[in-house]
Each structure stands twice: as structure tokens, then as C-alpha cells.
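Colleague: I should like to learn how to read the burial of a helix. May we work through a case together?

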Amino acid sequence: MRSSIKPFVLPAAIACGLLFHDAIKFIAPLSPYLIFMMLLLTFTSIDLHKIRLTRLQLWLLLIQISVCWIPYVLLRGYSSDVAAGLFMCVFISTATAAPVVTKMLGGSVEMLVSYSLTSNLAFALLAPPFLSIISDTADVSVAATLLYIARGVLPLLLVPLLVAYLLGRYAPELRSRISRYSSLSFYLWALALLIVVGNAVGLALEQQGAGIVQFAALFVGSAVLCAVQFYAGRVVGRHYGDPISGAQGLGQKNTVLAIWVATSYVSALASLAPAAYILWQNIFNSWQLYRKTRREAAMR
């Protein structure tokens, strides 16, 4: 029964997020707890000693901090807000939940954990000089971005990692028992997906200061960048024998962080690009997982 409905869980979550975005605010505070539980279930089933920096991660990081300038240079003459918003879609670091989706797709969780840490640290250090270029009014300090990441991003990644390590060291039987329920992370992610899609729709509807052309540029541009990054990550990852991790590492972005940075230091209009990116990356992830679950169901 569960295998027959699994392919439709994620499309249903996206549809509910789109349709009931007004009601999402009541369950939105659950997001950090859902991510924590997903990561804990994921980390208890991996070899933590395999988490290390690799050449693949260095290539992904190079793409992240260099390709972001292409949409900005091409579009700044048209609209600085559109250019800055699309810049953020590439420059922003990897999503905290990327290791969860990577595991469900069959990629290397260890690689994604390591790259997520590296990517977020690089973003914190480079955001001040980069944002000072794309926004004349931005006054961003390394301390501010590091503090935000240390307070809102790293705990979600490091605390479940530490708990999984301590369980493996001092309570291996309990860790083994928890790891048997790792498949539940799929359904937890579906609920988290509903929340982020609803929040993204709500944010888009709140923006009144843009014309239809700017809206279209932000939504279409973010879709193009989403496709390009997933494809580029897969190509680079295939060279190192891990196309899934490469695609998720480069394509699945920490859009919540991007929205905060864009709203705080650029403009509310620019934040629409990462808000739209939420929809595109989760639609693509849902499609990937839909295909995978359908293949698995057909093999049974």
C-alpha cells in the first residue's frame, strides 16, 4: 500500500502548498524540527568517517562563486534587482536538507554533508565583498553572515551529526534501531516541502512593487538557473563517479538564507528570485523522486 502511494506524495505536497499557502503559517514553525529529524535519520545510516573534502567539492565551489556573476553582468543594465536576485540563485550555499534528498536518490550523503559545510562557510566569507558590489547600499559584515549561519544553519546540520556520532560511539544498538526508520525521512521531507512551497507563494504574493516583465524575468530566470546548475553539477559529478551528489550539491540551494540576505541587503523584489527557485528545485527533486519510486514499485 505504501509503495503504491509513495510516487504521488511529493506532487500532492507541492499542490497543497500552492493551494493552501495562507494556512501554511500555522505549521511553518515546524520546519527546523522536520529538518533536524530528517538529518538525524539520515546520519544514523551513514559512515561518518567518510566525511571529507574532495576535488568534486572544490569544483562545485568554484562554479558557485564564479558563475553567479554571469546573470548579474548580463542583466544589471536591465534591472539591478533582477540581476541581484538571479545572482543570489547561484551564489547561495547548498541547502541543509540536500543530504536527505541525496540519500533518497542514491548519492553520497557524506559528500553532501562535507560540501554543505564548505559551501556555507565560503558564502559567509564572500558575501560581504560580493554584496557590496551588487548593491550600493549594502553594508554587510563577515560577522553578520557568520552569525546568521552559525545560529540558523549550522545547528541544523551539526547537531544531528553530533548526535549520530555519539549514538554510534556510546549506544550503537540504539543508533542501529533508529537507522531502520530512515525511510520516514521521505514523508518528513514531503511535509517540509509543503511548508516551503506555501511560504514561497506567500512571499511572491506580498510583492506589489514589480511589473509583469520583472516578475517574469525573475521566475523564468530562476528556472533556467535551476536547470543549468542541476545539469552542470551532474556533469561534473559524473566525472568523479557521483553524478547525483554533484547535481544536488550545486542545484539544491539554501533558499531561506538567500531570501534573508536579498531582503536584508538588496531589496524585497530581488528576494523573489530565490523564492521562485524554491518552487523549481522542489518540483525537480519531486520529479526525480517520483521517477525513482515508480521504478522501484515496478520492480516489486
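Modeller: The following turns go from the whole chain to one helix. This is a predicted model, in which local features need pLDDT of at least 70, side-chain atom pairs count only at pLDDT 80 or more, and totals for chains, interfaces and linings use all residues. Residues are numbered from 1 along each chain as its sequence is written, and side-chain values use heavy atoms, with hydrogens and water left out.

Colleague: How many helices and strands are there in the chain?

Modeller: Helices (H or I, at least four residues) and strands (E, at least two) are DSSP runs, numbered from the N terminus. The chain has 15 helices and 0 strands.

Colleague: What percentage of the chain do buried residues make up?

Modeller: Buried means under 20% relative accessible area (1.4 Å probe, protein chains only). Such residues account for 52% of the 300 in the chain.

Colleague: Why is helix H6 described as largely enclosed?

Modeller: Helix H6 spans residues 98-105, and 7 of its 8 residues are buried, so the rest of the structure largely encloses it. Those buried residues are Ala98, Pro99, Val100, Val101, Thr102, Met104 and Leu105.

Colleague: Which helices are included in what covers the buried residues of H6?

Modeller: The cover includes H2 (31-43), H7 (109-134), H11 (185-206), H13 (243-251) and H15 (272-299). Just after H6, Gly106 adopts a positive phi of about 100 degrees.

Colleague: How many of the chain's contacts join residues at least 24 apart?

Modeller: Contact means heavy atoms within 4.5 Å. Among contacts between residues at least 6 apart in sequence, 82% join residues at least 24 apart.

Note on methods: Buried means under 20% relative accessible area, exposed over 50%, partly exposed in between (1.4 Å probe, protein chains only).
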